[in-house]
Amino acid sequence: SYEQLLLPTASMAERLGVKALAVGLELEALVSHEASWRALIHKVRGLFKGQLTYSSNPLVNETSSVAFWDAVDYIGAELYLPFVLDPSPNASLILSRAQMVATYSLLLRHFLLDWHAALWPKRKILVTEFGYPSSNIGMRIPWSNPDGHPGSRPLPASCTGVHASNLTAQAAAYDVALSAFAANPTVFNGAFQLWYGTPGTSDWIGDREKPGSLWACGWTPACKSGTVSALRRAF
């Protein structure tokens, strides 16, 4: 059934002149079926002439579990590394850049750099998704959504408490993360950034003019001058 979804997508991507395609996204329970993935990737290459990746989650050890990286062009990583390892949320959190660099460097080496050196030195890593909400808890749990988890919606959206807006923290997080990618050019090929947040969540700016209800503490960097400056410096 997944093949019936992916192959038409590959054909459409070829018709549209798309340069790269992810053949999967965080399908952790399925990556052990190596032979099936290799057969599927072979069929995709028959339809699509661009480059291929698979988007994996290194924080659950999915990236290191994929056995078919040699069949795609890039190792895809959904990279939401925290800057705070303290399990207790802190609404008044203020981190120095040195603290952020130290924590990020430690986790980056643990989850990707060491694996790359040992397992995939011939394949560069493409960060297929990353980001930080502009809130204090976003530095500790980058995937934390003020809306609550998808299964518990709808909940009132609110940039309060640990989700209080912190634009400075978001800008610093992007600066440190992108600097780490740039400092390892033999490992990283680049990164994708969603500009208007994630469609379907409250920080999404649907018409590119009216911010969603969680714009101030959500993932989108749009209209947040410090974060935009960090992105411009990097790209």
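**View 1. Ala22 sits in strand 1, which spans residues 20-25.** This close-up comes from a predicted model. With a relative accessible area of 34%, Ala22 is partly exposed. Which residues does Ala22 touch, once its neighbours within four places in sequence are set aside? The contacts are Leu6, Thr53 and Ser55. Gly76 also belongs in this frame: the C-alpha atoms of Ala22 and Gly76 are 8.0 Å apart, although 54 residues separate the two in sequence.

**View 2. The whole chain, for orientation before the next close-ups.** There are seven helices and five strands in the chain. Read from the N terminus, the elements go α-β-α-β-α-β-α-β-α-α-β-α. The chain has 235 residues, and 47% of them count as buried. Among contacts in the chain with a separation of 6 or more, 70% are between residues 24 or more positions apart.

**View 3. Helix 1 packs against helix 2, with their axes coming within 8 Å.** The two axes cross at roughly 30°, and angles under 35 degrees count as roughly parallel. Helix 1 and helix 2 are therefore roughly parallel to each other. Their crossing is right-handed. On the helix 1 side, look for Tyr2, Glu3, Leu6, Leu7, Ala10, Ser11 and Glu14. Facing them from helix 2 are Trp37, Leu40, Lys43, Val44 and Leu47. Sorted by class, this contact of helix 1 with helix 2 has eight nonpolar, one polar and three charged residues. Leu6 turns up here as well as in the first view, where Leu6 is one of the contacts of Ala22.

**View 4. Tyr2 and Trp37 form an edge-to-face pair, one of the 15 aromatic pairs in the structure.** Zooming in on two residues from the previous view, the ring centres of Tyr2 and Trp37 are 6.0 Å apart, with 65° between the planes. Tyr2 belongs to helix 1 (residues 2-15) and Trp37 to helix 2 (residues 34-47), so this pair ties together parts that are 35 residues apart in sequence. Buried or partly exposed: how do the two partners compare? Tyr2 is partly exposed, at a relative accessible area of 27%, whereas Trp37 is buried, at 4%.

**View 5. Trp69 meets Trp120 in another aromatic pair.** Here the ring centres lie 6.4 Å apart and the planes are at 70°, so the pair is edge-to-face. Both partners come from loops: Trp69 from the one between helix 3 (62-65) and strand 3 (74-79), and Trp120 from the one between helix 4 and strand 4 (125-130). The pair links distant parts of the chain, 51 residues apart. Trp69 and Trp120 are both buried. Pull back a little and ring pairs join Tyr2, Trp37, Tyr54, Phe68, Trp69, Phe111, Trp115 and Trp120 into a cluster.

**View 6. Helix 4 crosses helix 6 at roughly 45°.** The axes of helix 4 (residues 97-119) and helix 6 (residues 167-182) come within 10 Å. That crossing angle makes helix 4 oblique to helix 6. The crossing is right-handed. Helix 4 brings Arg97, Met100, Val101, Tyr104 and Leu108 to the contact. From helix 6 come Ala169, Ala172, Ala173, Asp175, Val176, Ala177, Ser179, Ala180 and Phe181. What is the mix by class in the contact of helix 4 with helix 6? There are 11 nonpolar residues, one polar and two charged.

Notes
Residues are numbered from 1 along each chain as its sequence is written. This is a predicted model: local features need pLDDT of at least 70, side-chain atom pairs count only at pLDDT 80 or more; totals for chains, interfaces and linings use all residues. Side-chain values use heavy atoms; hydrogens and water are left out. Axes are lines fitted to C-alpha atoms, for helices over the stretch in contact, and angles run from 0 to 180 degrees between N-to-C directions. Helices (H or I, at least four residues) and strands (E, at least two) are DSSP runs, numbered from the N terminus. Angles under 35 degrees count as roughly parallel, over 145 as roughly antiparallel, 65 to 115 as roughly perpendicular and the rest as oblique. A crossing is left-handed if the near helix is turned anticlockwise from the far one by less than a right angle, and right-handed if clockwise. Contact means heavy atoms within 4.5 Å. Ala, Val, Leu, Ile, Met, Phe, Trp, Tyr, Cys and Pro count as nonpolar, Asp, Glu, Lys and Arg as charged, and the others, Gly among them, as polar. Rings of Phe, Tyr and Trp (its six-membered ring) pair if their centres lie within 6.5 Å; planes under 30 degrees apart count as stacked, over 60 as edge-to-face and the rest as tilted. Buried means under 20% relative accessible area, exposed over 50%, partly exposed in between (1.4 Å probe, protein chains only).
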